[in-house]
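Visitor: Before we begin, could you show me the model, so that I can ask what stands behind each label?

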Amino acid sequence: MARTFGVDRGRTLLSRLILFLTRRRLGHVPVPARIMALQPALLRGGALMELSQESATLVPIRYKKLAQMLTASRVGCPF
């Protein structure tokens, strides 16, 4: 079965910017982001969702990150 690795460079200027900021923030571009970059609208939607979740102030960021880690460990996600 052929594997999809996505792209290293976005097709549009906005997707290039999103991938650049992701690389700067994490040190690398995760495979899900590279796959979403194949469809710029999907990448833009994912980036907006991440920004809105980070900017929500109802729950402290410490608890958000803890919930993220616990959920990822329970479902076996490496991210």
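Guide: Leu 17 has its place in helix α1, where helices (H or I, at least four residues) and strands (E, at least two) are DSSP runs numbered from the N terminus. This is a predicted model, in which local features need pLDDT of at least 70 and side-chain atom pairs count only at pLDDT 80 or more, while totals for chains, interfaces and linings use all residues. Residues are numbered from 1 along each chain as its sequence is written, and side-chain values use heavy atoms, with hydrogens and water left out.

Visitor: Why does Leu 17 count as partly exposed?

Guide: Buried means under 20% relative accessible area, exposed means over 50%, and partly exposed is what lies in between (1.4 Å probe, protein chains only). Leu 17 has 44% relative accessibility, and therefore counts as partly exposed. The C-alpha atoms of Leu 17 and Ala 56, which are 39 residues apart along the chain, are separated by 23 Å.

Visitor: Why is Pro 40 called partly exposed?

Guide: Pro 40, which lies in helix α3, has a relative accessibility of 22%, so the label is partly exposed. Between the C-alpha atoms of Pro 40 and Arg 11, 29 residues apart along the chain, the separation is 7.3 Å.

Visitor: What makes Lys 65 partly exposed?

Guide: The relative accessible area of Lys 65 is 41%, and Lys 65 is therefore partly exposed. Lys 65 sits in helix α4, and its C-alpha is 9.8 Å from that of Glu 54, with the two positions 11 residues apart in sequence numbering.

Visitor: Where does His 28 lie, and why is that residue classed as partly exposed?

Guide: His 28 is found in the loop between α1 and α2, and its relative accessibility is 44%, so His 28 counts as partly exposed. Contact means heavy atoms within 4.5 Å, and, leaving aside neighbours within four places in sequence, His 28 is in contact with Thr 22 and Arg 23. With the same kind of neighbours left aside, Val 29 is in contact with Leu 19, Arg 23 and Arg 34.

Visitor: What makes the set that includes Val 29 a nonpolar core?

Guide: A nonpolar core is a set of buried Ala, Val, Leu, Ile, Met, Phe, Trp, Tyr and Cys residues joined through side-chain atoms within 4.5 Å. The largest such core has 7 residues, namely Val 7, Ile 18, Leu 19, Val 29, Ala 33, Ala 37 and Leu 43. Of the 79 residues of the protein chain, 18% count as buried.

Visitor: What makes the space of about 1,200 Å³ a pocket?

Guide: On a 1 Å grid over the protein atoms alone, a pocket is an open set of points where a 1.4 Å probe fits, with protein on both sides within 12 Å along at least five of seven lines, and lining residues have an atom within 4 Å of a point. The largest pocket holds about 1,200 Å³, a volume being the space filled by probe spheres set on the points, which are joined across faces, edges and corners. Of its 29 lining residues, Arg 25, Leu 26, Glu 50, Glu 54 and Gln 68 are the closest to the centre.

Visitor: Which helices supply the lining of that pocket?

Guide: At least two residues each come from α1 (13-26), α2 (31-36), α3 (40-55) and α4 (61-75), and α3 gives the largest share, 8 residues.
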